[in-house]
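Visitor: Please pick a single part of this model and take a close look at it, going from that part outward to whatever surrounds it. I would like the cut-offs stated as you go.

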Amino acid sequence: MKLLIVLTSHDKLGETGKKTGFWLEEFTAPYYEFLDAGAELTLASPKGGQPPLDPKSSEPDAQTETTARFHQDEKARQALASTVKLSDVSADDFDAVFYPGGHGPLWDLAEDAHSIALIEAFWKADKPVSAVCHAPGVLRNVLIDGTPLVKDKRVTGFSNSEEDAVGLTHIVPFLVEDELKKNGGDYSKAADWRPYAITDGKLITGQNPASSKAVAQALLKMLGGAEISK
């Protein structure tokens, strides 16, 4: 089983002068779910190399068992530091794609032509597309035969109330919940910060950082769980 994980290369939080990037737990929880299931992982980002980490996801209250494991895992840290360029990957080479969140993807991956084409290619090949937290926002410009991919599909993603809670409603380029609804998605959510993941056909979305593991587990289940072809 070969999985592609696509991370952001964007590190500026709008015009605030603050940094953003990907959210650590949203990478580490799925990364180890996939790795421990025997998957072969490729990490990619628009610019390649080390993707920017949202500094807030390194704060003590954001740490989890998987982030602690990552900090002790030299091989994983090397893999993250050497992501391949998104323009160099093809959906033909993978069984599924996963997008971790963090605010970064709202600026680059949501508008990235390579990312949009890649998701379309996965979808047309009937391969799973998965994303968590802010990353469902990368679907905003993905069209299948002229129709938004999320139209009439059950989806979730970082909620307006969660964005308001972190004080970034007027900083982000768009609100994930609003964008999914605007494109015809059947959006639902759990209480703020509670785990919540939805599968609709080959599309898997999760609401927030706490949902990362559930998204990864749903993807593995879709791909056959323990019946993994190495």
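Guide: The part I pick is helix α5, whose buried residues are covered by elements including β1 (2-6), β4 (96-99), β5 (129-132), β6 (143-144) and β11 (203-206). The model is a predicted one, in which local features need pLDDT of at least 70 and side-chain atom pairs count only at pLDDT 80 or more, while totals for chains, interfaces and linings use all residues. Residues are numbered from 1 along each chain as its sequence is written, and side-chain values use heavy atoms, with hydrogens and water left out.

Helices (H or I, at least four residues) and strands (E, at least two) are DSSP runs, numbered from the N terminus. Helix α5 takes in residues 113-124, and because each of its 12 residues should add 1.5 Å, a span of 16 Å is expected, which agrees with the 16 Å between its end C-alpha atoms; the expected span is 1.5 Å times one less than the number of residues. At the start of α5, a side-chain oxygen of D112 comes to within 2.9 Å of the backbone nitrogen of H114. This is a polar contact, that is, a pair of N or O atoms within 3.5 Å; within protein, one atom must be able to donate a hydrogen and the other to accept it, and residues adjacent in sequence count only if both atoms are side-chain atoms. Just after α5, D126 has a positive phi of about 60°.

Buried means under 20% relative accessible area, exposed over 50%, and partly exposed in between, with a 1.4 Å probe and protein chains only. In α5 the buried residues are S115, I116, L118, I119, E120, F122 and W123. An α-helix has 3.6 residues a turn, so residues three or four places apart point the same way.

From the helix one can move to the core. A nonpolar core is a set of buried Ala, Val, Leu, Ile, Met, Phe, Trp, Tyr and Cys residues joined through side-chain atoms within 4.5 Å. The largest one here has 36 residues, and L4, Y99 and L118 are those with the most contacts inside it. At least two residues of this core come from each of β1, β4, α5, β5 and α7 (176-182), and α5 gives the largest share, 5 residues. Another core, of 26 residues, lies apart from it and has M1, F27, L80 and I204 among its members. In soluble globular proteins, nonpolar side chains tend to be buried together.

L118 shows how the helix meets its surroundings: leaving out residues up to four places away in sequence, L118 touches L4, V6, L86, V89, S90, A91 and Y99, where contact means heavy atoms within 4.5 Å.

Two strands pair if DSSP finds at least two bridges between them. Strand β4 pairs with β1 in the parallel sense over 3 bridges, and F98 of β4 is the bridge partner of I5. Strands β4 and β5 also run parallel and are joined by 3 bridges, with A131 in β5 as the bridge partner of Y99. In a regular strand the side chains alternate between the two faces of the sheet. Both faces of β4 are covered, since A96 and F98 on one side and V97 and Y99 on the other are all buried.

The loop between β5 and β6 deserves a look as well. C133 lies in this loop and has a positive phi of about 65° although it is not a glycine; at 2% relative accessibility, C133 counts as buried. R140 lies in the loop between β5 and β6 too, and its side chain forms a polar contact of 2.5 Å with the side chain of E111. Not counting residues up to four places away in sequence, R140 touches A110, E111, F174, E179 and N183.

One further loop, between β8 (154-155) and α6 (160-165), holds T156. T156 is buried, with a relative accessible area of 0%, and its side chain reaches the backbone oxygen of S188 at 2.8 Å. Among the residues that T156 touches, again beyond four places in sequence, are P136, L180, T205 and G206.
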